[in-house]
Amino acid sequence: MLREPEAQDRATVIELLASPEVGTYLGGPRPRDELERAMPGAPSRRPGRFIVDLDGAMIGQITIYKETGHLRQAAGKAELGYLFLPQTWGRGYAAEACAAALDWFAGALPGEPVVLATQTANVRSMRLAAKLGFIEVERFEAYGAEQWFGMWSPVALSD
């Protein structure tokens, strides 16, 4: 189930961001004490931020909104991002939840494309992007690694 963030999700959001496994392709884990200070209460709510809930417990989060430009390729475009607890990897939860978020986005902003960037070394993320229907636009070097940049278009998928 996708839902808005709630106060009970704070500990799991911190766990996600502090996880060495989750941070492998994101510049590394963030220090837990820094995260504790930065998030004194409930995780922020905003349109396009979803908590992935399995049987009443948070297992991940998905964001899908226009980026401010951490990469020039994504500036001004809606970008899909996802983080899941390592113990949930390989079970199809990310594919199901991301597909639902893309469906939501296509309904909210018909015809708008969505972009996704990931390191080419992140094989799981590359497989997920392909499964979701993202088409490679380019590869480039950033953050000391080769990056893959793809685009998903609801118009192209329905043709």
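Visitor: Which residues of helix H4 are buried?

Guide: In H4 (residues 123–132), the buried ones are Ser125, Met126, Leu128, Ala129 and Leu132. Buried means under 20% relative accessible area, exposed means over 50%, and partly exposed lies in between, with a 1.4 Å probe and protein chains only. Helices (H or I, at least four residues) and strands (E, at least two) are DSSP runs, numbered from the N terminus.

Visitor: What kind of model is this?

Guide: This is a predicted model: local features need pLDDT of at least 70, side-chain atom pairs count only at pLDDT 80 or more, and totals for chains, interfaces and linings use all residues. Residues are numbered from 1 along each chain as its sequence is written, and side-chain values use heavy atoms, with hydrogens and water left out.

Visitor: Back to H4. How many degrees of arc do those buried residues cover?

Guide: They cover an arc of only 160 degrees around the axis, so they sit on the same side of H4. The arc is that of the directions from the helix axis to the C-beta atoms.

Visitor: Why would residues three or four places apart point the same way?

Guide: An α-helix has 3.6 residues a turn, so residues at that spacing point the same way.

Visitor: Which residues are exposed on the other side of H4?

Guide: Arg127, Ala130 and Lys131.

Visitor: What do the buried residues of H4 pack against?

Guide: One helix, H3 (93–108), and the strands S4 (78–84), S5 (114–119), S6 (135–142) and S7 (145–152). Contact means heavy atoms within 4.5 Å.

Visitor: What follows H4?

Guide: Gly133, with a positive phi near 95 degrees.

Visitor: New topic. Which residues touch the most other members in the largest nonpolar core?

Guide: Ile62, Leu80, Tyr82, Val114 and Phe134, out of 24 residues in that core. A nonpolar core is a set of buried Ala, Val, Leu, Ile, Met, Phe, Trp, Tyr and Cys residues joined through side-chain atoms within 4.5 Å.

Visitor: Which element gives the largest share of this core?

Guide: H3, with six residues.

Visitor: What does Val114 touch?

Guide: Its contacts include Ile64, Leu80, Leu102, Phe105, Phe134 and Trp152, not counting residues up to four places away in sequence.

Visitor: What lies apart from that core?

Guide: Another core, of eleven residues, with Val13, Ile14, Ile51 and Met58 among them.

Visitor: On to the sheet. What is the strand order?

Guide: Seven strands form an open sheet in the order S1-S2-S3-S4-S5-S7-S6, with mixed pairing. Two strands pair if DSSP finds at least two bridges between them. The edge strands are S1 (2–3) and S6, and each pairs on one side only.

Visitor: How many bridges join S2 and S3?

Guide: Six, in the antiparallel sense. Phe50 stands opposite Ile62 in S3, and Ile51 has Gln61 as its bridge partner there. The two strands form a hairpin with two residues between them. In the turn, Asp55 has a positive phi of about 55 degrees.

Visitor: Do S4 and S5 run parallel or antiparallel?

Guide: Parallel, joined by two bridges. Glu79 stands opposite Val115 in S5. S5 is mostly covered, with five of its six residues buried.

Visitor: Why is S2 called largely enclosed?

Guide: Five of the six residues of S2 are buried, so the rest of the structure largely encloses this strand.

Visitor: How many aromatic pairs are there?

Guide: Two. Rings of Phe, Tyr and Trp (its six-membered ring) pair if their centres lie within 6.5 Å; planes under 30 degrees apart count as stacked, over 60 as edge-to-face and the rest as tilted. Phe50 and Trp104 have ring centres 5.1 Å apart and planes at 80 degrees, so that pair is edge-to-face.

Visitor: Which parts does that pair tie together?

Guide: Phe50 is in S2 and Trp104 is in H3, so the pair ties together parts 54 residues apart in sequence. Phe50 is buried, at 12% relative accessible area. Trp104 is partly exposed, at 36%. Ring pairs link Phe50, Trp104 and Phe105 into a cluster.

Visitor: What sits over the ring of Tyr65?

Guide: The charged end of Arg46, 3.4 Å from the ring centre. A charge sits over a ring if NZ of Lys or CZ of Arg is within 6 Å of the ring centre and within 35 degrees of the ring normal.
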